[in-house]
Amino acid sequence: MRAYYWAEGNTPVEWNSAPTMNVEQQDNGYGQSVYVIDIPSIYNMVIFQNGSKQTVDINTNSQSTNYFDAGESNGKHNVGTW
């Protein structure tokens, strides 16, 4: 899985030019998989992509937030927060 991130209003024309990082899967101790990334606070937008599947554009508001998969719609996975 990879995460692409950018500052709102600066969406890259080519995704290959967007800052990206590999996201590693971890176990949260309850048998559930979690993914943890640290994005510099100057960036507030992120998508997660795993092959041909990806999330919608997520606005983090440059804050630490937890997201979960809220189901697929129009070919992209929506997210919810907790």
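## Close-up views of a nine-strand chain

**View 1. The largest pocket and its lining.** The largest pocket is lined by 31 residues. Tyr35, Val36, Ile37, Phe48 and Tyr67 lie nearest its centre. Two or more lining residues come from each of strand 4 (33-35), strand 5 (45-50), strand 6 (53-54), strand 8 (67-73) and strand 9 (76-81). Which strand gives the most to this lining? Strand 5 does, with four residues. By class, the lining holds 14 nonpolar, 14 polar and three charged residues. Here Ala, Val, Leu, Ile, Met, Phe, Trp, Tyr, Cys and Pro count as nonpolar, Asp, Glu, Lys and Arg as charged, and the others, Gly among them, as polar. The pocket has a volume of about 930 Å³. A pocket is an open set of points on a 1 Å grid over the protein atoms alone, where a 1.4 Å probe fits, with protein on both sides within 12 Å along at least five of seven lines; lining residues have an atom within 4 Å of a point. Grid points are joined across faces, edges and corners, and the volume is the space filled by probe spheres set on the points.

**View 2. The whole chain.** This is a predicted model: local features need pLDDT of at least 70, side-chain atom pairs count only at pLDDT 80 or more, and totals for chains, interfaces and linings use all residues. Residues are numbered from 1 along each chain as its sequence is written, and side-chain values use heavy atoms, with hydrogens and water left out. The protein chain has zero helices and nine strands. Both are DSSP runs numbered from the N terminus: helices are H or I, at least four residues, and strands are E, at least two. The C-alpha atoms fill a box of roughly 40 × 30 × 20 Å along the principal axes. Of the 82 residues, 26% count as buried. Buried means under 20% relative accessible area, exposed over 50%, and partly exposed in between (1.4 Å probe, protein chains only).

**View 3. Threonine 55, in a loop.** Threonine 55 sits in the loop between strand 6 and strand 7 (58-59). Is threonine 55 buried or exposed? Its relative accessible area is 11%, so threonine 55 is buried. Leaving aside neighbours within four places in sequence, threonine 55 is in contact with Ile47, Phe48, Lys76, His77 and Val79. Contact means heavy atoms within 4.5 Å.

**View 4. Threonine 60, one loop on.** Threonine 60 is found in the loop between strand 7 and strand 8. Threonine 60 counts as buried because its relative accessibility is 11%. Which residues does threonine 60 touch, not counting those up to four places away in sequence? They are Tyr43, Asn44, Val46, Thr65 and Tyr67.

**View 5. Serine 52, an exposed loop residue.** Serine 52 lies in the loop between strand 5 and strand 6. With a relative accessible area of 77%, serine 52 is exposed. Serine 52 and glycine 29 are 23 residues apart in sequence. In space, they are 28 Å apart, C-alpha to C-alpha.

**View 6. Asparagine 10 and methionine 45.** Asparagine 10 belongs to the loop between strand 1 (2-6) and strand 2 (20-22). Its relative accessibility is 56%, so asparagine 10 counts as exposed. How far apart in space are asparagine 10 and methionine 45, C-alpha to C-alpha? They are 9.6 Å apart, with their positions 35 residues apart in sequence counted as the separation.
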